[in-house]
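Got your viewer open? Let's take a walk through this model together, one selection at a time.

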Amino acid sequence: MRAPDTFQTDRLTLRPVTRADAADVFAYAGQAAPTRFMPFVRHRELAESLAFAVRCEEARVSGAAFPWAIVERATGAFTGVIELRLSPPKADFGYILNEAAWGRGFASEAASAIVAWAIAQPQINRVWATCHPDNAASAAVLKKAGLGYEATLANWEARPQLGEAAGPSCVYALTKPAQQPGFA
Ligand SMILES: CC(C)(COP(=O)(O)OP(=O)(O)OC[C@H]1O[C@@H](n2cnc3c(N)ncnc32)[C@H](O)[C@@H]1OP(=O)(O)O)[C@@H](O)C(=O)NCCC(=O)NCCS
């Protein structure tokens, strides 16, 4: 199962992340504010962002994940990355934006597009994502994309910038009506 290479929304184009995006990735992945709640160690060198971008290319080829650059249509500005992972019957996603792009509804617009696509797929019954309990902006994005709070999971994720080896995460999900057990 594969996701589309591109999406167009009112203000954004989502297109595959490539190694040519390394400097734009470093512009957020090397900064404290965007990486505060993230599970990866903040990048110290451009080479780390290049390695991430190369992994994005490889993940799209293998189908392990579908990472898109979030590009503002009006300016062509690279504002961040959103990634969908398809694992039927479920799919999950994550996102991170450059701080300069925060507060304009871009994350909600990008998330809404991929959530709408994913839940429309017959093979996908659940679209889910997690965020740190203190990440109010991310929780707002998930709700605006149509997901609802389900639970808070203890010991779910490492967050190096918070010094958490196994920190808590809130699970949000959008699900189709529960299926009957067994196969048709
Ligand atoms: C979370 C993040 C992606 C949000 O991006 P964004 O484009 O600024 O989000 P939006 O503009 O779509 O805002 C969505 C909602 O969050 C609200 N919001 C933003 N910051 C907030 C805050 N600190 N507290 C509460 N709500 C907040 C906005 O008001 C908006 O709701 P509204 O439209 O009803 O006013 C961005 O802050 C980010 O990249 N953070 C770092 C990475 C990260 O935490 N990723 C998620 C990991 S789970």
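What covers the buried residues of α1? Keep that in mind while you select helix α1, residues 22–29. This is a predicted model, by the way. Six of the eight residues in α1 are buried, so the helix is mostly covered. You can pick them out as A22, D24, V25, F26, Y28 and A29. Now add the cover to your selection: it includes α2 (32–35), α3 (46–62), β4 and β5.

**Zoom out**

Show the whole chain as a cartoon. You should find five helices and eight strands. Reading along the sequence, they come in the pattern β-β-α-α-α-β-β-β-α-β-α-β-β. The radius of gyration is 16 Å, close to the 16 Å that the globule rule gives for 184 residues, so the protein is as compact as a globular protein of that length. Along the principal axes, the C-alpha atoms fill a box of roughly 50 × 35 × 30 Å. Of the 184 residues, 34% are buried. Take the contacts between residues at least 6 apart in sequence: 60% of them join residues at least 24 apart.

**The sheet**

Next, colour the strands. Eight of them form an open sheet with mixed pairing, in the order β1-β2-β3-β4-β5-β6-β8-β7. The edge strands are β1 (7–8) and β7, each of which pairs on one side only. Move in to β5 and to β6, residues 126–131: these two strands run parallel and are joined by three bridges. Select K90 and look across to β6, where R126 stands opposite.

**Two backbone oddities**

Select P88 and P89. Is the peptide bond between them cis or trans? It is cis, with omega near 10°. P89 sits in the loop between β4 (78–87) and β5.

Now jump to strand β7, residues 148–159, and find N155. N155 is not a glycine, yet its phi is positive, about 55°. Is N155 buried or exposed? It counts as exposed, because it has 11 C-beta neighbours inside 10 Å and the cut-off for exposed is 12 or fewer. For background, most residues other than glycine have a negative phi, and most peptide bonds are trans.

**The nonpolar core**

Time to go inside. The largest nonpolar core has 47 residues, and the members that touch the most others are I70, V81, I82, Y95, A110, A111 and I114. Helix α4, residues 106–119, gives this core its largest share, eight residues. Try selecting A111 by itself. Leaving out residues up to four places away in sequence, A111 touches I82, F93, Y95, V141 and A145. As a general point, nonpolar side chains in soluble globular proteins tend to be buried together.

**Last stop: the ligand**

Select the ligand and show what lies around it. Which of the 22 residues there come nearest? They are A107, S108, A136, A137 and A140. Three elements, β5 (90–97), α4 and α5 (136–144), each supply at least two residues of this shell. Helix α5 has the largest share, with six residues. Finally, colour the shell by residue type: you'll see 14 nonpolar, six polar and two charged residues.

Conventions. Residues numbered from 1 in each chain as written. Predicted model: local features only at pLDDT ≥ 70, side-chain atom pairs only at ≥ 80, totals over all residues. Core = buried A, V, L, I, M, F, W, Y, C linked by C-beta atoms within 7 Å. Buried ≥ 20, exposed ≤ 12 C-beta atoms within 10 Å, placed from the backbone. Helix = DSSP H or I, 4+ residues; strand = E, 2+ residues; numbered from the N terminus. Contact = placed C-beta atoms within 7 Å. Near = placed C-beta within 6 Å. Nonpolar A, V, L, I, M, F, W, Y, C, P; charged D, E, K, R; others polar. Rg over C-alpha atoms; globule rule 2.2 N^0.38 Å. Pairing = 2+ DSSP bridges.
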